[in-house]
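User: Please take a close look at one part of this model, the open sheet of eight strands, and then set it against the rest of the chain. I would like a connected account rather than a list.

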Amino acid sequence: MKILVINCGSSSLKYQLIDMTKEEVLAKGLAERIGIDGSRVEHKPSGKEEVVIEKPMKDHKVALEIVINALVNPEHGVVESMEEINAVGHRVVHGGEKFAESVIIDDEVMKAIEECADLAPLHNPPNMMGIQACKELMPNVPMVAVFDTAFHQTMPKSSYIYALPYELYEKYGIRKYGFHGTSHKYVSNRAAEILGKNIEDLNIITCHLGNGASLAAVKGGKSVDTSMGFTPLEGLAMGTRSGDIDPAIVPFLMEKEDMTLDEVNNLLNKKSGVLGISGVSSDFRDIEGAAENGNERAQLALDKFASRVKKYIGAYAALMGRVDAIVFTAGLGENSAEMREKICEGLEFMGIELNKDKNKVRGKEAIVNTESSKVKILVVPTNEELMIARDTKELVVK
């Protein structure tokens, strides 16, 4: 069974074609600058040279047509015809309270995704464009929506409700939703497999650490809390997002700096986080390099990030009553031994002991705790595309 996984942004389209027989990636790529001058597709077929296709792409439908042609091309394609593709799995950022699991896409689901656009105005509309393009070009192929928010729908109400007038939750759905759910689900399940344990018996804290970052408390395979909230702005200090701040800062800035709501929103989402503290970059590699060269603000940004992660680990340990494993994933979590060490430092009283030699890994699965550590510490590269493909296969073959 071959499944095409699609992840659409406002001007981009990421894709992978996965053969689910052995869960092998046949091809993957990126269509970028859709609707903008200089649009191109980077197509990477397995076992062949990467191909760059530079063509105008006025919309996502044109981009998808180019992707399909690349997949069936006699020279750099990986299938003889589109008839070999059995299903399409779509990443959809926000499912609100409507979806607690992945679903086969029909008209009712399309309408519900559209209704969630107010909750994710930058993400759901492009996700919808990708679905619509696929439906037009592949009308007889079953399609599945896999939601970033779905995994966190198991949170108890005490975790997701905000201390605001309750009628605002009832009227507008203002509550914690959480994001990165596909990643948290994949790495928590994979960690259980690596440890040879039943996930229902484990309390796991998953740390998805990248430019966007979040933690999740996963108890018995179910999310009981997560650091991102109503939007991805809540929680950790991130690449450009502030994370948790005193809400009173917003009206204070509006008054003192004569800022509009849009300007404050832009500041908190695009100019804050480790970029705002360091003044160097939103890329942790640049910040780590600057810190090594004595840049005090860069070091402060790293310290702040690690401190915030450490605080959430402590909070989630208390919430679940026990921690069996901590999992590091995503760009920073998978590749920065220094950040993993910084986060675990001082948590020995909780039974969290990192082995510095084992921790010297980048981008591959590893158990990096000491023999005496009561809590297992793992590095698990995330694979959201495979998780989407698995959910798609499960629904389509029912």
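Analyst: What follows starts with the sheet asked about and then moves to the other parts of the chain.

The model is a predicted one. Its open sheet of 8 strands runs in the order β5-β4-β3-β2-β1-β6-β8-β7, and the pairing is mixed. The edges are taken by β5 (51-54) and β7 (103-104); each has a single partner strand, so one side of each is left without a neighbour in the sheet.

At the β7 edge, the partner is strand β8 (residues 143-147), joined to β7 by 2 bridges in an antiparallel arrangement. Within this pairing, Ile-104 stands opposite Val-144 of β8. Helix α1 (residues 60-72) packs on the sheet and touches β1 (2-8), β2 (12-19), β3 (24-32), β4 (40-45), β5 and β6 (85-92). The direction of α1 makes about 30° with that of β2. A further helix, α3 (residues 124-137), lies across β1, β6 and β8, and runs at about 165° to β6.

The strands β2, β3 and β4 can be followed in sequence through their bridges. Between β2 and β3 there are 8 bridges, and the two strands run antiparallel. Leu-13 stands opposite Ala-31 of β3 in this pair. β2 and β3 form a hairpin with 4 residues between the strands, where Glu-23 takes a positive phi near 55°. On the other side of β3 comes β4 in the strand order. β3 and β4 are also antiparallel, with 6 bridges joining them. Here Lys-28 has Lys-44 in β4 as its bridge partner.

One residue of the sheet carries an annotation. In an unreviewed UniProt entry, Arg-91 is listed under "binding site". Arg-91 belongs to strand β6, which sits between β1 and β8 in the strand order. Apart from neighbours within four places in sequence, the contacts of Arg-91 are Ile-6, Asn-7, Asn-127, Val-146, Asp-148 and Ile-388. Several of these can be placed by their numbers: Ile-6 and Asn-7 fall within β1 (2-8), Asn-127 within α3 (residues 124-137), and Val-146 within β8 (residues 143-147). Arg-91 thus touches residues of both strands beside β6 and of a helix that lies across β6.

The chain has a second open sheet, of 6 strands, in the order β11-β10-β9-β12-β14-β13, again with mixed pairing. Its edge strands are β11 (222-226) and β13, each of which pairs on one side only. Inside this sheet, strand β12 (residues 325-329) and strand β14 (residues 376-379) run parallel and are joined by 4 bridges. Phe-328 has Val-379 in β14 as its bridge partner. Helix α13 packs on this sheet, in touch with β9 (203-209), β12 and β14, and its direction makes about 150° with that of β12.

Helix α13 also takes part in a pocket. The second largest pocket holds about 500 Å³ of space. It is lined by 19 residues, of which Arg-285, Ala-330, Gly-331, Leu-332 and Asn-335 are the closest to its centre. At least two lining residues come from each of α10 (284-292), α12 (330-335) and α13 (337-344). Helix α12 gives the largest share, 5 residues. By type, the lining divides into 4 nonpolar, 8 polar and 7 charged residues.

After α13, the loop that leads to β13 (366-367) contains Asn-355. Leaving out residues up to four places away in sequence, Asn-355 touches Val-368, Asn-369 and Thr-370. Asn-355 is 227 residues from Met-128 in sequence, and their C-alpha atoms are 45 Å apart in space. Met-128 falls within the range of α3 (residues 124-137), the helix across β1, β6 and β8.

The model also has an enclosed space. The count comes to 1 cavity of 30 Å³ or more, with about 30 Å³ of space in it. Its lining is made of Tyr-162, Leu-164, Pro-165, Tyr-166, Leu-168, Tyr-169 and Ile-174. These divide into 7 nonpolar, no polar and no charged residues, whereas the lining of the second largest pocket includes 8 polar and 7 charged.

Key
Residues are numbered from 1 along each chain as its sequence is written. This is a predicted model: local features need pLDDT of at least 70, side-chain atom pairs count only at pLDDT 80 or more; totals for chains, interfaces and linings use all residues. Side-chain values use heavy atoms; hydrogens and water are left out. Two strands pair if DSSP finds at least two bridges between them. Contact means heavy atoms within 4.5 Å. Axes are lines fitted to C-alpha atoms, for helices over the stretch in contact, and angles run from 0 to 180 degrees between N-to-C directions. UniProt positions are given in the numbering used here, feature names are shortened, and annotations may be inferred rather than shown by experiment. On a 1 Å grid over the protein atoms alone, a cavity is a set of points where a 1.4 Å probe fits but cannot get out, and a pocket is an open set with protein on both sides within 12 Å along at least five of seven lines; lining residues have an atom within 4 Å of a point. Grid points are joined across faces, edges and corners, and a volume is the space filled by probe spheres set on the points. Ala, Val, Leu, Ile, Met, Phe, Trp, Tyr, Cys and Pro count as nonpolar, Asp, Glu, Lys and Arg as charged, and the others, Gly among them, as polar.
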